[in-house]
Structure formats: C-alpha cells, structure tokens
Amino acid sequence: MREYTDKLTDKSKKSISDFVFYNCGIEQCEGGQFYGPKRRDYHFIHFVVKGEGTLQIQDKSYPVHPNQLFIVPADEVSTYCASMENPWKYCWIGFLGIQSGRFLRSLMHCGPKRFVLDCRNVSFYERQIEHILNISGKQLSTHLQSNGIMYNLIGTLLEELGADDPEDLDISIPYQAKQYMEMHYHNSLQIADVAEAVGVHANYLANIFQEKYHVTPKQYLSNLRIKKACKLLLDTDHPVYIIANSVGFTDQLAFSKFFRKTIGIPPSDYRMQRRNTDVKN
C-alpha cells in the first residue's frame, strides 16, 4: 500500500477551510481484506481499478466492481471488504472542509445507489492520486500542489457524472436572502436592505426565512457576524476596530457591546482567553 496524509496543516484548521486535501493512497488488497466498521472525521472516495468488493454503510450492502467508485461521507460508520476470489485494487482520496459536504452531496445525487457510482475513466483518477503520492512531502509547495490536484480530480468527477449542485438549484427567496447576507455581512447591512435586494417586504421575508431556516433573518445575520468576528479574533492580530469594520460595524463601541452581549465577554478578552486555552492544550 502507498499512502500519503497531509500533515502541514493542523486538522482543526482543515475543518474550517472551504475544501482541503486530507489523504490519498493506492492499494492492491488481499482476498477478504477489510476495513471497519469505522467512523472517520473526513470524507473519502475509493475508485476501484480492478477486482471486486463490498461496501456496507447505513445497514445496507453494496457490491462494487471495476470502473466504479464508492463514497463514504464523514461521520458515517462503514465497512468495506475485498472479494475472496477477486480482491480489488483501488485508489482513494480523502478531504474535508466546510464546502466538502456540498460537493459530496452533488455526487451522491448522480445515481440511485448514492454511495456507489459508475465511473468511465478510473485510470485518470488513479494517475492523479499517483501524482500526489509522487510529490508527497512536508513542504508548502507539496501542500499547494496536492490541493490543486484534488480540485482538478473532484472537478473532473463532477463534470463526468453531470453532477448538479443541490444548493444552487435552490432559488427560493430565503436562500437568496441567506446568500446575500453571506456576501454583504461586512457592510452596514440591515434586514430592510436584504428584503429590498430579493424584492419582498421585510416582514414577509422574516416569516418565510424563519419557516425555512428556523431562525429570523436578523438572528442569522447576527450569528454570521459573530462567527466571522470570532474567527478574525483568533486567526489574526487585527485591532478590534478593524474587525468591527470587517463584520459590518462602523462603531467599535457598538460592536464590542454586541459581541459581549452575545458571547459574554469583550472581544479582546475572548481573543486572550481562547489563545491561552489553545496554548495550554
């Protein structure tokens, strides 16, 4: 077995990235060789080059053949086992990040079995994974190249399978409002501005948004700003007034009051306490 796991980036940082490489490998299995039952914190896709095996997931069993792939989402308990008579050779790639589940859901909409899909050109994906294995190392360049190859691999797979983005298919007013807030939270944005942008009255937007997302638009915007502010406080050394401006507050005092009311402590104290906790851990 050849395997490579990226160790340049801390796993906690990977999980809050948009989409980032975790590991990959190639293996010719022995007859009856199996992994699991096991749960992992990252998603992975196996491409079966030759031979056969079985995937067990969500209390179902799926036979897998050459020129097929099987998907195991993060947090799912799975077992996969090579055939005794014709054990498989496969290659795999693992990834995680905030957007990774979105790409995985797009793939899983491409076939009735969801976890097992046909794949025309397995050799392409094997070559891409081989490329990562050949450049594996601890340098920054390796990290960037590995992620670039992964983007190309997943992008090609989405194109090959004709995957639609289930989130992009949602053109509802609440979804448009949510997207608008995520793109403009750094401005002095009010809910009336959001409602005007999507062409409805603010009261109507509040009702349909809460029905869909179980939170009001105002609460969603507040939560979004707090999340972004917390990340900036921990990941940068920017003064509080810059962070306030970066999440839509022109008044640092108003931002600090808002932050303390939500989190329980002032922004500067939050930064100091969290960083001290991280150092101790």
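Two strands count as paired when DSSP finds at least two bridges between them. With that in hand, let us walk through this predicted model, beginning with a pair of neighbouring strands.

## A hairpin and its sheet

Strand β5 (residues 53-57) runs antiparallel to β6, and five bridges join the two. Along this pairing, T54 stands opposite P63 in β6, while G53 faces V64 in β6. Together β5 and β6 make a hairpin with two residues between them. Take a look at Q58 while you are here: this residue sits in the loop between β5 and β6, and its phi is near 50 degrees, a positive value in a residue other than glycine. As background, most residues other than glycine have a negative phi, and most peptide bonds are trans.

The hairpin belongs to an open sheet of four strands, ordered β3-β8-β5-β6, with antiparallel pairing. Its edge strands, β3 (34-39) and β6 (60-64), each pair on one side only. Direction ignored, neighbouring strands of this sheet are turned by 15 degrees against each other on average. Strand β3 has a backbone feature to look at too: P37 lies in this strand, and the peptide bond joining G36 and P37 is cis, with omega at about 0 degrees.

## The six-stranded sheet and the helices across it

Another open sheet is built from six strands in the order β1-β2-β9-β4-β7-β10, and here too the pairing is antiparallel. At its edges are β1 (2-5) and β10 (116-118), each of which pairs on one side only. On average, and with direction ignored, its neighbouring strands are turned by 15 degrees against each other. Within this sheet, β4 (residues 43-50) and β9 (residues 89-96) pair in the antiparallel sense over seven bridges. One facing pair to find on screen is H46, which stands opposite W92 in β9.

Which helices lie across these strands? Helix α2 (residues 100-108) lies across β4, β7 (68-72), β9 and β10, and runs at about 45 degrees to β4. Helix α4 (residues 140-161) lies across β1, β2 (20-28), β4, β7, β9 and β10, running at about 75 degrees to β2.

## How the helices pack

Two packed helices are described by the angle between their axes and the distance between the axes. Here are three such pairs.

| Helix pair | Angle between axes | Distance between axes |
|---|---|---|
| α3 (residues 122-135) and α4 | about 175 degrees | 10 Å |
| α5 (residues 173-184) and α7 (residues 202-213) | about 95 degrees | 9 Å |
| α8 (residues 217-235) and α10 (residues 252-263) | about 100 degrees | 11 Å |

For α3 and α4, the angle of about 175 degrees means that the two helices are roughly antiparallel to each other. Helix α3 brings F124, Y125, Q128, I129, H131, I132 and I135 to this contact, and the residues from α4 include T142, Q145, S146, I149 and N152. Sorted by class, the contact of α3 with α4 has eight nonpolar residues, seven polar and one charged.

Is α5 roughly parallel or roughly perpendicular to α7? Their axes meet at about 95 degrees, which makes α5 roughly perpendicular to α7. In α5, I173, P174, Y175, A177, K178 and M181 meet L205, I208, F209, K212 and Y213 of α7. The contact of α5 with α7 divides into nine nonpolar, no polar and two charged residues.

Helices α8 and α10 pack at about 100 degrees and are therefore roughly perpendicular to each other. From α8 the contact uses S222, R225, I226, A229, C230 and L233, and from α10 it uses F255, F258, F259, T262 and I263. Eight of the residues in the contact of α8 with α10 are nonpolar, two are polar and one is charged.

## A pocket lined in part by α8

Rolling a probe the size of a water molecule over the atoms shows where empty space is left. In this model, the second largest pocket holds about 280 Å³ of space. Its lining is made up of S188, L189, Q190, I191, K218, L221, S222, R225, G248, F249, T250 and F258. Which helix gives the largest share of this lining? That is α8, with four residues. By class, the lining of the second largest pocket has five nonpolar, five polar and two charged residues. S222, R225 and F258 are among the lining residues, and these three residues also take part in the contact between α8 and α10.

Definitions and conventions. Residues are numbered from 1 along each chain as its sequence is written. This is a predicted model: local features need pLDDT of at least 70, side-chain atom pairs count only at pLDDT 80 or more; totals for chains, interfaces and linings use all residues. Side-chain values use heavy atoms; hydrogens and water are left out. Axes are lines fitted to C-alpha atoms, for helices over the stretch in contact, and angles run from 0 to 180 degrees between N-to-C directions. Angles under 35 degrees count as roughly parallel, over 145 as roughly antiparallel, 65 to 115 as roughly perpendicular and the rest as oblique. Contact means heavy atoms within 4.5 Å. Ala, Val, Leu, Ile, Met, Phe, Trp, Tyr, Cys and Pro count as nonpolar, Asp, Glu, Lys and Arg as charged, and the others, Gly among them, as polar. On a 1 Å grid over the protein atoms alone, a cavity is a set of points where a 1.4 Å probe fits but cannot get out, and a pocket is an open set with protein on both sides within 12 Å along at least five of seven lines; lining residues have an atom within 4 Å of a point. Grid points are joined across faces, edges and corners, and a volume is the space filled by probe spheres set on the points.
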